[in-house]
Amino acid sequence: MLLKLIEENKPIDKVVFYDTGMEFQSIYDSRDKLQSVIDSYGAEYIELKPNEPFLYSMLERKIKYRNKTGFHFGFGWCGGVCRWHTSMKIQAIQNYKKSLNDDYIDYVGIAYDEPHRFDKAKSEGKQLPLVDWKMTEADCLAYCRSKGYNWIEHTSNGDIDLYDILDRVSCWCCRNKNLDELRNIYKYLPEYWGKLKYIQSKIAEPMKGENKSVFDLEKRFEFEDKWLENGNKLRTKDFYNSLKEIYKCSI
Ligand code: SF4
């Protein structure tokens, strides 16, 4: 959205990036690459952050129980119905906007094929240039790539573009990641998989629900690799029966 706004010579005073602290490295690389583009357009780069580090809030922050006395430590996994960091992000952006005393145009990069997001954004007075340009998520990705942007992660397993293995690029620890995305993280991004295991070792609740901790998922993915090596097919009745029998899990 930013690159095309610049291409169309639209007025841009400030470019705001909210850093959760849990972005993939390639997101930070893209941010850094954009700095000179933003500077030469004469816009100001603003970076917002949470008041406390994500991991601290996730694992250590002292939190009072809602419906009983006492405390627990850390909000735990973020995603699903408990998107605690999303609330922090929205609050930080709202606070920033309140600090701007002028009228401003609030451009947001919602794509043309995300209609479920249009009404809320428009009721909040946001402008949706990608929707005006009828650019879908795939169009945006192709456009960015045509401009020399990519989301390459350099890992011990080689280089991989995040958009080739994930449906959406969000925080690497996001609980909303689906099984295919998590399998790809296990397979292609071993360093991030190791970090997910670290987080799981600190949180009792399994990342994806009952019997679906990061460690359970790892067992499943290892099993899948062996199953395929033996010439079998995934997602068959035999596959699920064997998975259940060997690992006592029903993922
Ligand atoms: S992307 Fe996921 S982990 Fe990150 S703030 Fe949003 S819901 Fe939370």
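What percentage of the 251 residues in the protein chain is made up of buried residues? Let's take that up in the first legend, and then move in on the details.

**Figure 1. The protein chain as a whole, shown as a predicted model.** Of the 251 residues in the protein chain, 17% are buried. Twelve helices and eight strands make up the secondary structure of this chain. Along the principal axes, its C-alpha atoms fill a box of roughly 65 × 50 × 35 Å. If we take the contacts between residues at least 6 apart in sequence, 53% of them join residues at least 24 apart.

**Figure 2. A close-up of the largest nonpolar core, which has 18 residues.** Look for Cys-173, Ile-185 and Trp-193, the residues with the most contacts inside this core. At least two core residues each come from helix 3 (54-59), helix 9 (179-188), helix 10 (190-202) and helix 11 (214-229). Helix 9 gives the largest share, with four residues. Leaving aside residues up to four places away in sequence, Ile-185 touches Tyr-192 and Trp-193.

**Figure 3. A second core, separate from the one above.** Six residues form this core, among them Ala-111, Leu-128, Val-131 and Met-135.

**Figure 4. The shell of residues around the ligand.** Here you will find Thr-20, Cys-78, Gly-79, Arg-83, His-85 and Thr-86, together with Ser-170, Cys-171, Cys-173, Cys-174 and Asn-176. Sorted by class, the shell has six polar, four nonpolar and one charged residues. Cys-173 may be familiar from Figure 2, where it is one of the residues with the most contacts inside the largest nonpolar core.

**Figure 5. A right-handed β-α-β unit made by strand 1, helix 2 and strand 2.** Helix 2 in this unit spans residues 25-41. Strand 1 (residues 14-18) pairs with strand 2 (residues 44-48) in the parallel sense, and five bridges join the two. To pick out one bridge, start at Phe-17 and find its partner in strand 2, Glu-47. In a regular strand, side chains alternate between the two faces of the sheet.

**Figure 6. A close-up of Asp-13, in the loop between helix 1 (2-7) and strand 1.** Is Asp-13 buried or exposed? Asp-13 counts as exposed because it has 12 C-beta neighbours inside 10 Å, and a residue with 12 or fewer falls in that class. Its contacts, not counting residues up to four places away in sequence, are with Ala-43 and Glu-44. Asp-13 and Ala-43 lie 30 residues apart in sequence, yet their C-alpha atoms are 4.7 Å apart in space.

How values were computed:
Residues are numbered from 1 along each chain as its sequence is written. This is a predicted model: local features need pLDDT of at least 70, side-chain atom pairs count only at pLDDT 80 or more; totals for chains, interfaces and linings use all residues. A nonpolar core is a set of buried Ala, Val, Leu, Ile, Met, Phe, Trp, Tyr and Cys residues joined through C-beta atoms within 7 Å. A residue is buried if 20 or more other C-beta atoms lie within 10 Å of its own, exposed if 12 or fewer, and partly exposed in between; C-beta atoms are placed from the backbone. Two residues are in contact if their C-beta atoms, placed from the backbone, lie within 7 Å. A residue is near a molecule or strand if its C-beta atom, placed from the backbone, lies within 6 Å of it. Ala, Val, Leu, Ile, Met, Phe, Trp, Tyr, Cys and Pro count as nonpolar, Asp, Glu, Lys and Arg as charged, and the others, Gly among them, as polar. Two strands pair if DSSP finds at least two bridges between them. A crossover is right-handed if, with the strands pointing away from the viewer, the path from the first strand over the helix to the second runs clockwise.
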